[in-house]
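Q: Got a minute to go through this one with me? I'd like to start with the ligand and then wander around a bit.

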Amino acid sequence: MSVEKTLSIIKPDAVKRDLTGKIIAMFEEKGLRVVAQKKILLSKEQAGSFYAVHRDRPFFDELCEFMSSGPIVVQVLQGSNAIDLNRQIMGATNPEQAETGTIRREFALSMTENSAHGSDSAETARDEINFFFSGLEVLQF
Ligand code: CMP
């Protein structure tokens, strides 16, 4: 399997509860390495532009409110099959449907406050990494 990079976000509900270290450990234990990382606070407009693909969904406003409600950790994870592996480690979007041992099953509070985001395809990963990071900020090795 090829080595990939993917974008991961530790969402405000998890950062607020000091779960950042535990979540990063779950990625590292499964072979994903952090090759870029920062803690930032988005405006509601910036959250809206990141989630523009969901603009017409009923949950869009609540999602943007939440994603700008407190600091988030944005990071680039690298590893074999990183895009799918990140999503497996996170679990299903709805925490009630997420498997035991996944980030969302262990930590998420609701469908919106679901602790983590991960890119869903190679194209999305490239766009989402470029949304938050310049080339110089991403470790190349
Ligand atoms: P995420 O993987 O960040 O992508 C879009 C986010 O919208 C999703 O996680 C959830 O936090 C949020 N969301 C809220 N309601 C829904 C829903 N009904 N379907 C999908 N995503 C939802």
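A: Sure. One term before we begin: a polar contact here is a pair of N or O atoms within 3.5 Å. Also keep in mind that this is a predicted model.

Q: Fine. So how far is the side chain of Arg-104 from an oxygen atom of the ligand?

A: An N or O atom in the Arg-104 side chain sits 3.1 Å from a ligand oxygen. That is within the 3.5 Å limit for a polar contact.

Q: And what's the distance for Lys-11?

A: For Lys-11 it's 2.7 Å, from a polar side-chain atom to an oxygen atom of the ligand.

Q: Thr-112 then: is it a backbone or a side-chain atom that lies 3.3 Å from the ligand oxygen?

A: Backbone: an N or O atom of the Thr-112 main chain is 3.3 Å from an oxygen atom of the ligand.

Q: How much of the ligand does the protein bury?

A: The protein buries 81% of the 450 Å² that the ligand exposes when taken alone.

Q: Which residues surround the ligand?

A: Among them are Lys-11, Arg-104 and Thr-112, which we just covered, along with Tyr-51, His-54, Phe-59, Leu-63 and His-117. As for the space the ligand takes, that is the largest pocket.

Q: You mentioned Tyr-51. Which ring does Tyr-51 pair with edge-to-face?

A: Phe-50. A whole-structure search turns up 4 aromatic pairs. In the Phe-50 and Tyr-51 pair the ring centres are 4.9 Å apart and the planes are at 80°, so it counts as edge-to-face. Both of those residues are buried.

Q: What about the rings of Phe-50 and Phe-131, how do they pair?

A: Edge-to-face again, because their planes are at 65°, with centres 5.4 Å apart. This pair links distant parts of the chain: Phe-50 is in helix H3 (residues 44-50) and Phe-131 in helix H7 (residues 122-132), 81 residues apart.

Q: Is Phe-131 buried or partly exposed?

A: Partly exposed, at 35% relative accessibility. Phe-50, by contrast, is buried with a relative accessible area of 9%.

Q: Which residues form the aromatic cluster?

A: Phe-50, Tyr-51, Phe-131 and Phe-132 make up one cluster.

Q: New topic. Where is Ser-115?

A: In the loop between helix H6 (103-107) and strand E4 (116-118). Ser-115 is buried, with a relative accessible area of 0%.

Q: Which side chain does the side chain of Ser-115 make a polar contact with?

A: The side chain of Asp-13, at 2.8 Å.

Q: Let's do the strands. What does Gln-78 in strand E3 touch?

A: Its side chain has a polar contact of 3.0 Å with the side chain of Lys-5. Gln-78 is in strand E3, and it counts as buried with a relative accessible area of 8%.

Q: And where is Ser-8, and how accessible?

A: Ser-8 is in strand E1 (residues 3-10). At 1% relative accessibility, Ser-8 is buried. The C-alpha atoms of Ser-8 and Leu-77 are separated by 6.8 Å, although the two residues are 69 apart along the chain.

Q: Last one: is Gly-70 buried or exposed?

A: Buried, at 5% relative accessibility. Gly-70 lies in the loop between helix H4 (60-67) and strand E3 (72-80). Its C-alpha atom is 15 Å from that of Gly-48, 22 residues away along the chain.

Definitions and conventions. Residues numbered from 1 in each chain as written. Predicted model: local features only at pLDDT ≥ 70, side-chain atom pairs only at ≥ 80, totals over all residues. Heavy atoms only, no water. Phe/Tyr/Trp six-rings, centres within 6.5 Å; stacked < 30°, edge-to-face > 60°. Buried < 20%, exposed > 50% of the residue type's maximum accessible area, 1.4 Å probe, protein only. Helix = DSSP H or I, 4+ residues; strand = E, 2+ residues; numbered from the N terminus. Near = heavy atom within 4 Å. Polar contact = N/O pair within 3.5 Å; in protein donor to acceptor, adjacent residues only side chain to side chain. Areas by Shrake-Rupley, 256 points an atom, 1.4 Å probe, with all protein chains shown as cover. 1 Å grid on protein atoms, 1.4 Å probe; cavity = no way out; pocket = protein on both sides within 12 Å on 5 of 7 lines; lining within 4 Å. Sits in = over half its atoms within 2 Å of the grid points.
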